[in-house]
Each structure stands twice: as structure tokens, then as C-alpha cells.
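Here's a quick walk through a model you may want open while you read. Have a look at the fold before going on.

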Amino acid sequence: MKRVTGLIWILLVSFSISFSANAERVYEKQEPPRELTAEQATLAASNYKKYCSLCHGDDREGHKNDHAPSLRSKSLFESGVPHSILRPMSYGRHGTAMGGYLDEVGGPMTLDETWDLTYWLFWQSGAQRVKLSENPVNGDIVKGETIYQQNCTTCHGENGEGVTAPALFNPSFLAHNKDEFIRYAIEKGREDTPMRGFSDKLSETDIDNLTAFIRSKASDAKITKVPLKEIPSPDQYVINPQGEDPNFKLDQGKYVSSKDLHAAMQAKKRMVLIDTRVTSVWQRAHLAGSVPFPYYSDIEKRVGEMPKDVLIVGYCSCPRAAAEYVMDKFNQAGYANTAVLYEGIFGWMNLGYPVVRAEGLESFEETPQGH
């Protein structure tokens with residue numbers, strides 16, 4: 001009987017240790033952010049539809065284009081409001097398809113509008129905020145790398161570049177988010193997405209190790225403020241106005257390759273290049289001679305600026321969604337002579353073709369990450 005009792009005791013202790021090793025942390029709740037007025041909420045909803053739904057989805061479900069993350073996950077808004085949402089919305093993720101939407105970097109929204117959209121997303125999620133520590137998460141980086149390679153590479157990439165999930169080694173991601181935010185995402189996961197919580201698979205120590213490894217990829221590079229360039233006027237839209245028209249063989253009747261477009265630019269062919277990304281990223285890097293024509297433009301009003309007798313080539317970074325959206329609008333408005341850069345600007349750059357860059361960019365931006 002004593003032997004049986006002792007065996008039960010050992011089993012109970014073992015279970016207790018195992019449970020403790022994988023138990024989730026208890027987080028203190030904090031007060032919710034301010035509520036929006038009816039007018040602020042209406043404008044925020046309109047701004048979401050205009051600027052965000054193309055990639056994040058009409059219902060904030062994510063992954064509509066360019067693997068843009070879900071914006072309705074409670075765990076995201078529990079831990080990320082305001083700054084982990086506000087900062088990428090305002091300043092973008094350099095080296096990814098996410099541009100900055102704050103007016104001071106060339107985006108379309110004021111600071112008040114970005115704050116209101118952040119809080120609108122929070123209230124839509126139904127989340128309750130938790131308090132996260134500002135302290136670093138300490139862990140064994142070498143062990144964390146092994147855990148990363150075993151569990152994270154399929155979605156986030158072997159080098160954290162992002163495959164079907166966000167780029168975790170992106171410098172602006174690491175600069176904008178504290179350790180506990182990263183740890184919380186690993187522990188809790190992201191509801192309604194393929195990102196599962198790892199609290200039932202990894203011990204607290206291993207989650208710390210993984211967090212420390214991801215943090216170790218942070219760069220000392222600073223995100224510089226780019227002096228804004230003057231937007232080209234309509235009389236500057238056509239490049240090489242005295243040149244011949246290009247004679248592209250378009251794939252599927254609408255796609256031009258980077259190789260063919262570069263050759264046409266080198267040969268001084270006449271055309272219009274439009275950058276359909278948010279204007280802030282055009283300010284940082286763009287194809288020479290291109291005109292910022294963001295996908296959220298009032299296209300019906302702006303199409304009249306463009307000549308109909310010149311080929312219009314649109315490009316974006318996702319790599320084609322925004323450009324196709326804009327070109328479809330042009331086609332509906334009677335512009336038949338259009339094309340879309342198939343690889344997008346990141347593909348263009350990865351192939352070694354040149355772009356015009358803003359002055360003062362840090363070195364980490366020289367090689368684009370993401371798609």
C-alpha cells in the first residue's frame with residue numbers, strides 16, 4: 001500500500017512539474033483606451049476601407065493580399081494597443097509592402113486619424129488590454145535559434161524574412177515592439193490565423209529563449225526621416241516624350257517583366273510609370289521617372305491627368321495586387337494601353353535593377369525583405 005501511495009505521489013509531482021513548465025502566465029488587465037465619437041468612428045471605418053481593406057480584407061481577416069496579417073485577432077489588440085498598431089500604420093515596415101500612412105512621411109492620414117483608426121480597430125476586436133513589461137526577456141539565444149528552426153520557419157522563413165506570415169527579423173518590427181509583445185504572441189498565438197499559441201508545446205523557459213533569439217536580430221540602424229520630394233506634375237508624367245513606344249509582348253495580355261521594362265527604359269522608350277503604393281514608400285525608393293498614384297486615389301478624378309496615347313505601366317510591392325486594382329480602374333475608364341510590372345518593385349530590385357532612393361536611408365534598407 002505504501003509503495004502504491006508513493007508511486008501516486010511521484011506521478012502527481014511529475015504532473016505538477018510538467019504543468020508548471022507549460023503553464024501560461026497571468027497578465028494584469030489594464031484600462032481600455034478612449035472611446036471614439038460617432039464622427040471619429042465613421043471616419044476611421046471609412047479610412048480602413050479606403051487604405052487597409054485591399055490587403056487586410058474587408059472584415060479585417062488578413063491575408064487578402066501580400067499575406068497582410070489579420071487585424072481582428074484579440075491577442076494582437078490585447079497586447080499591441082496603441083503603439084504596436086499605431087507605429088507600423090504611421091511609418092510602415094521598411095523593406096516590406098507595408099508603407100507609412102502618416103502625412104509627415106508622405107502618407108494620406110493626419111496623426112489624429114492614425115490614432116483614431118488604431119482605436120477603431122481595437123474596439124472592433126472586442127479585446128481587453130493587458131499590461132506588458134518594458135523589461136527585456138532574457139533567454140538562451142542559441143537554444144532559441146534551434147526552437148525557431150523547428151517551429152517557425154515554414155511561415156516566417158529561415159531568415160525571418162516572412163513567407164506566409166510577418167517578417168520577424170525586420171528592423172522596424174523589432175524597433176517598434178517590446179520583448180513582451182513578441183513573447184505574448186508566441187504564447188497566445190493569433191486567433192483566426194494559422195499562428196497557434198505555443199504555451200501548450202513550449203515551456204516558459206523555451207518561450208523566453210525563442211523571444212531572446214528573435215530580439216537578437218534587432219539592428220542598431222536608425223529609421224531616418226526622409227526629406228519629401230516634390231510630386232511630379234502632369235506635364236512630367238511621360239518619360240522620354242520624344243522616344244518611340246515600347247512593343248512589349250505582355251504575358252496574359254497585361255504583365256510586363258522587369259527585364260523587358262528595364263530594357264525599354266534603357267532604350268528611352270516613351271511611357272508613363274505609375275507607383276500605386278502609398279506615397280510614403282515612393283518617397284523612399286521608386287523606379288526612375290515614376291509618378292505616385294496610390295491605389296486609394298480618387299481614380300475617376302485623376303485618370304484625366306493621364307494621356308491615352310501612351311502606354312501606362314503600373315507597379316506596386318505586393319507584388320501586383322494594388323497595381324492590378326488601379327490598372328483595372330484605368331481600363332474601365334477607357335484606357336486600353338496599360339500594363340502591370342509582374343515582379344513588383346521588390347522583384348525588380350532583387351533582380352538588380354536600379355531605383356531612385358531618398359537621401360539618408362540606413363543600410364538595412366538597401367536590400368528589401370519580404371516578397
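Let's begin with the ends, where this predicted model is on shaky ground. Over residues 1-21 the pLDDT stays under 50, and the model gives that stretch 3 contacts beyond four places in sequence. The other end has a stretch like this too: residues 361-371 also stay under 50 in pLDDT, though here the model has 32 contacts beyond four places in sequence. For the protein chain as a whole, the mean pLDDT is 87, with 88% of the residues at 70 or more.

Now for the overall picture. The protein chain has 15 helices and 8 strands. It runs to 371 residues, and 49% of them count as buried. Take the contacts between residues at least 6 apart in sequence: 70% of them join residues at least 24 apart. As for the outside, the accessible surface adds up to about 18600 Å², and carbon and sulfur atoms account for 51% of that.

Next, the strands. Which strands pair with E7? Strand E2 (residues 255-256) does so, running parallel to E7 with 2 bridges, and so does strand E6 (residues 312-315), also parallel, with 3 bridges. E6 pairs with strand E3 (residues 271-275) as well, again in the parallel sense, over 4 bridges. If you'd like to find these pairings on screen, here are some of the residues that face each other:

| Residue | Opposite residue | Strand of the opposite residue |
|---|---|---|
| Tyr-255 | Val-340 | E7 |
| Val-313 | Ala-339 | E7 |
| Gly-314 | Val-340 | E7 |
| Val-272 | Ile-312 | E6 |

So what are the two faces of E7 like, buried or exposed? Strand E7 (residues 338-341) is covered on both: Thr-338 and Val-340 lie on one side, Ala-339 and Leu-341 on the other, and all are buried. E6 tells a similar story, with Ile-312 and Gly-314 pointing one way, Val-313 and Tyr-315 pointing the other way, and all of them buried. The path from E6 to E7 goes by way of helix H14 (residues 321-332), and the three make a right-handed β-α-β unit.

Over to a helix residue. Thr-211 sits in helix H10 (residues 204-215). Is its side buried or exposed? Thr-211 has 0% relative accessibility; buried means under 20%, so Thr-211 counts as buried. Leaving aside residues up to four places away in sequence, Thr-211 touches Val-137, Asp-179, Ile-182, Arg-183 and Ile-186. Glu-180 is 31 residues away from Thr-211 in sequence, yet their C-alpha atoms are 8.4 Å apart in space.

Finally, the cysteines. How many disulfides are there? The count is 0, taking a disulfide as a pair of cysteine sulfur atoms within 2.5 Å. Cys-152 is in no disulfide, and the nearest cysteine sulfur to it belongs to Cys-155, 8.8 Å away. Cys-152 has a relative accessible area of 10%, so it is buried. Cys-318 is in no disulfide either; its nearest cysteine sulfur is that of Cys-316, at 3.3 Å. Why doesn't that pair count? The cut-off is within 2.5 Å, and the sulfur of Cys-316 is 3.3 Å away, so Cys-318 is left out. Cys-318 is also buried, at 11% relative accessibility.

Terms used: Residues numbered from 1 in each chain as written. Predicted model: local features only at pLDDT ≥ 70, side-chain atom pairs only at ≥ 80, totals over all residues. Heavy atoms only, no water. Buried < 20%, exposed > 50% of the residue type's maximum accessible area, 1.4 Å probe, protein only. Contact = heavy atoms within 4.5 Å. Areas by Shrake-Rupley, 256 points an atom, 1.4 Å probe, with all protein chains shown as cover. Pairing = 2+ DSSP bridges. Right-handed = clockwise from strand over helix to strand, strands pointing away. pLDDT = per-residue confidence, 0-100.
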